[in-house]
Amino acid sequence: MLAAEAASEAVQAGRAADELAAYPESFRASWLYDELHRARNFKPWMAKGLYTGSLMFGIDQIVLGGRAPWTLRHRHADHETLKKKTEVQPIEYPRPDGVISFDRNSSVYLSGTNHEENQPVHLTLKDATVPVKINLELYDAPEQRYCPAGVYEIVRDADGANPRLQINAQNCVHCKTCDIKDPTQNIVWVAPEGGGGPNYPNM
Ligand code: SF4
């Protein structure tokens, strides 16, 4: 909303092509910034273990009210922490039972996600060879698992040869995980054309 308001003001003032400098300022002045700022140390503290994290974040929140004079930083970017497939055991998840667990396509359907068929694609690759040469080869194509909407699929010929990445961008629910988690930062997510994306009917 803040970005939309800044954009609307800029257009009405005849500044349709310049930078939305008002947006960062209005974000900093909003309740959202205040809320996020007070919770900023949660993940870095919890990365130090359940007991240390609970104790220190409790002090951070209860004693200091989220206004601690320090800001902790993560030591690694998220995408740098992914383990190679040779370092882990595959997890065999039970099939969704339709009661407390559900398949991804049903959940995407409930999100009401839609994008205009002819809008510019909002998910692109910097290098189209990386998904197979690096992601599949070294990490068993993690984008197939971390994407909650099944956007990324490794498809093959009938005989199992010629693996390639298929991007079902129409299903994207805009969580932006792929942009953050892709091990070589090869996936580029940009905001889709206005109005596209999830449309949860009860929110
Ligand atoms: S932003 Fe990326 S990870 Fe999230 S739903 Fe869209 S394609 Fe999947």
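This is a short dialogue on reading a predicted protein model.

Me: Where do I start? How many helices and strands does the protein have?

Reply: Start with the secondary structure. The protein has 9 helices and 4 strands. Then read their order along the sequence: α-α-α-α-α-α-β-α-α-β-β-α-β.

Me: Is the protein a compact globule or more spread out?

Reply: Compare the radius of gyration with the globule rule. Here the radius is 21 Å, and the rule gives 17 Å for 203 residues. The value is well over the rule, so the protein is more spread out than a compact globule. For the outline, take the box along the principal axes: the C-alpha atoms fill roughly 60 × 55 × 40 Å.

Me: What share of the residues counts as buried?

Reply: Burial is read from neighbour counts. A residue is buried if 20 or more other C-beta atoms lie within 10 Å of its own. In this protein, 10% of the 203 residues count as buried.

Me: Which residues form the largest nonpolar core?

Reply: Look for buried nonpolar residues joined to each other. The largest such core has 9 residues: Val 108, Cys 147, Ala 149, Val 151, Tyr 152, Leu 165, Cys 172, Cys 178 and Ile 187.

Me: Take Cys 172. Which residues is it in contact with, leaving aside neighbours within four places in sequence?

Reply: Cys 172 is in contact with Thr 113, Leu 123, Ala 149 and Val 151. Ala 149 and Val 151 also belong to the largest nonpolar core.

Me: What share of the contacts with a separation of 6 or more joins residues 24 or more positions apart?

Reply: Such pairs account for 61% of those contacts in the protein.

Me: How many residues surround the ligand, and which are the closest?

Reply: List the shell, then sort it by character. There are 13 residues around the ligand; the closest are Cys 147, Val 151, Cys 172, Cys 175 and Cys 178. The shell divides into 10 nonpolar, 2 polar and 1 charged. Cys 147, Val 151, Cys 172 and Cys 178 are also members of the largest nonpolar core.

Me: Now the backbone. Which residue has a positive phi of about 55° although it is not a glycine?

Reply: That is Asp 140. Find its place next: the loop between α7 (130–139) and α8 (143–146). Then check its surroundings. Asp 140 has 15 other C-beta atoms within 10 Å and is partly exposed.

Me: And His 174? Where is it placed?

Reply: His 174 sits in the loop between β3 (164–167) and α9 (177–181). Its phi is positive, near 65°, and it is not a glycine. His 174 has 16 C-beta neighbours inside 10 Å, so it counts as partly exposed.

Notes:
Residues numbered from 1 in each chain as written. Predicted model: local features only at pLDDT ≥ 70, side-chain atom pairs only at ≥ 80, totals over all residues. Helix = DSSP H or I, 4+ residues; strand = E, 2+ residues; numbered from the N terminus. Rg over C-alpha atoms; globule rule 2.2 N^0.38 Å. Buried ≥ 20, exposed ≤ 12 C-beta atoms within 10 Å, placed from the backbone. Contact = placed C-beta atoms within 7 Å. Near = placed C-beta within 6 Å. Nonpolar A, V, L, I, M, F, W, Y, C, P; charged D, E, K, R; others polar. Core = buried A, V, L, I, M, F, W, Y, C linked by C-beta atoms within 7 Å.
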